[in-house]
Amino acid sequence: MGKKVLIISTSPRKNGNSAKLAEEFGKGAVESGNEVEFISLHDKTIGFCKGCMVCGETQRCVIHDDADIIREKMLHSDVIVFATPIYYYEMSGQMKTMLDRANPLYSADYSFRDIYMLSTAGEDEDFVPQRALSGLEGWIECFEKAHLAGSLFCGGVTDTGDIAENPKLKESYNMGKSV
């Protein structure tokens, strides 16, 4: 039986380069017999965390928007893949906001174990998105049953569509296939 894989594309751009990387991961994961759901945050309404900490007791955020729905999907997924463009050497603001709003998961009986990060940027291919990885790893450390299972960076892609024909698409596909 395959795993339940949730791919969250956090780019503010519709069909951005990181989303294309995520789609290829998803194709590989499906081919290996996994159930894959793809969510793009570009058209979602996700408010900022209020820091009220009510979610620690209720396992539900007091803000009822798209983050509440996505968090529920995260709860029941075996694998979560975050795809993000790198802005100012960091994950997108949309990704950080979604991680903050996933706080109700901390006290929940979550299913996820494997977390992946796919990222793109205009920087050269030898760039390592260490700050973004560190931010995600800090979130993962709060979930003792989860770990960073892999990451992939594709550099030299700035404008939408620049990633077309890039060999990193095949690497992402293969990473998804290994889930």
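1. In this predicted model, strand 1 and strand 2 (residues 35-40) run parallel and are joined by six bridges. Within this pairing, Ile8 of the chain has Ile39 in strand 2 standing opposite. To get from strand 1 to strand 2 the chain passes through helix 1 (residues 17-31), and the β-α-β crossover made in this way is right-handed.

2. Strand 1, which covers residues 4-9, also pairs with strand 3, and here five bridges join the two strands in a parallel arrangement. A reader who wishes to find this pairing in the model may start from Leu6, whose bridge partner in strand 3 is Ile80.

3. Strand 3 has a further parallel partner in strand 4 (residues 114-120), and the pairing of strand 3 with strand 4 extends over seven bridges. One of the positions to look at is Pro85, which stands opposite Thr120 in strand 4. Taken with helix 4 (residues 93-101), strand 3 and strand 4 make a β-α-β unit, and this unit is right-handed.

4. How many of the seven residues of strand 3 are buried? Seven of the seven residues, numbered 79-85, are buried, so strand 3 is largely enclosed by the rest of the structure. The cover extends to both faces of the strand, since Val79, Val81, Ala83 and Pro85 are buried on one side, while Ile80, Phe82 and Thr84 are buried on the other. The cut-off behind this reading is a relative accessible area under 20%.

5. For the chain as a whole, the secondary structure comes to six helices and five strands. Read from the N terminus on, these elements follow one another in the order β-α-β-α-α-β-α-β-α-β-α.

6. On overall dimensions, the C-alpha trace of the chain spans about 45 × 40 × 25 Å along its principal axes. A compact globule of 179 residues would have a radius of gyration near 16 Å, and the 15 Å of the chain agrees with that value. Buried residues account for 48% of the 179 residues in the chain.

7. Which empty space is enclosed within the structure, and how many cavities of 30 Å³ or more does the structure hold? The structure holds one such cavity, and the largest cavity has a volume of about 110 Å³. The largest cavity is lined by 15 residues, of which Cys49, Lys50, Cys52, Cys55 and Cys61 are the closest to its centre. Sorted by class, the lining of this largest cavity consists of nine nonpolar, two polar and four charged residues.

8. Two residues deserve a look for their backbone angles, and Gln59 can be taken to begin with: Gln59 is not a glycine, yet has a positive phi of about 60°. Gln59 is found in the loop between helix 2 (55-58) and helix 3 (66-75). With a relative accessibility of 35%, Gln59 counts as partly exposed.

9. The other residue is Tyr88, which has a positive phi of about 50° although Tyr88 is not a glycine either. Its place is in the loop between strand 3 and helix 4, and thus within the path of the β-α-β unit that strand 3, helix 4 and strand 4 make. Is Tyr88 buried or exposed? At 79% relative accessibility, Tyr88 counts as exposed, whereas the residues of strand 3 are buried.

Methods: Residues are numbered from 1 along each chain as its sequence is written. This is a predicted model: local features need pLDDT of at least 70, side-chain atom pairs count only at pLDDT 80 or more; totals for chains, interfaces and linings use all residues. Side-chain values use heavy atoms; hydrogens and water are left out. On a 1 Å grid over the protein atoms alone, a cavity is a set of points where a 1.4 Å probe fits but cannot get out, and a pocket is an open set with protein on both sides within 12 Å along at least five of seven lines; lining residues have an atom within 4 Å of a point. Grid points are joined across faces, edges and corners, and a volume is the space filled by probe spheres set on the points. Ala, Val, Leu, Ile, Met, Phe, Trp, Tyr, Cys and Pro count as nonpolar, Asp, Glu, Lys and Arg as charged, and the others, Gly among them, as polar. Buried means under 20% relative accessible area, exposed over 50%, partly exposed in between (1.4 Å probe, protein chains only). Helices (H or I, at least four residues) and strands (E, at least two) are DSSP runs, numbered from the N terminus. Two strands pair if DSSP finds at least two bridges between them. A crossover is right-handed if, with the strands pointing away from the viewer, the path from the first strand over the helix to the second runs clockwise. The radius of gyration is taken over C-alpha atoms; the globule rule is 2.2 Å times the number of residues to the power 0.38.
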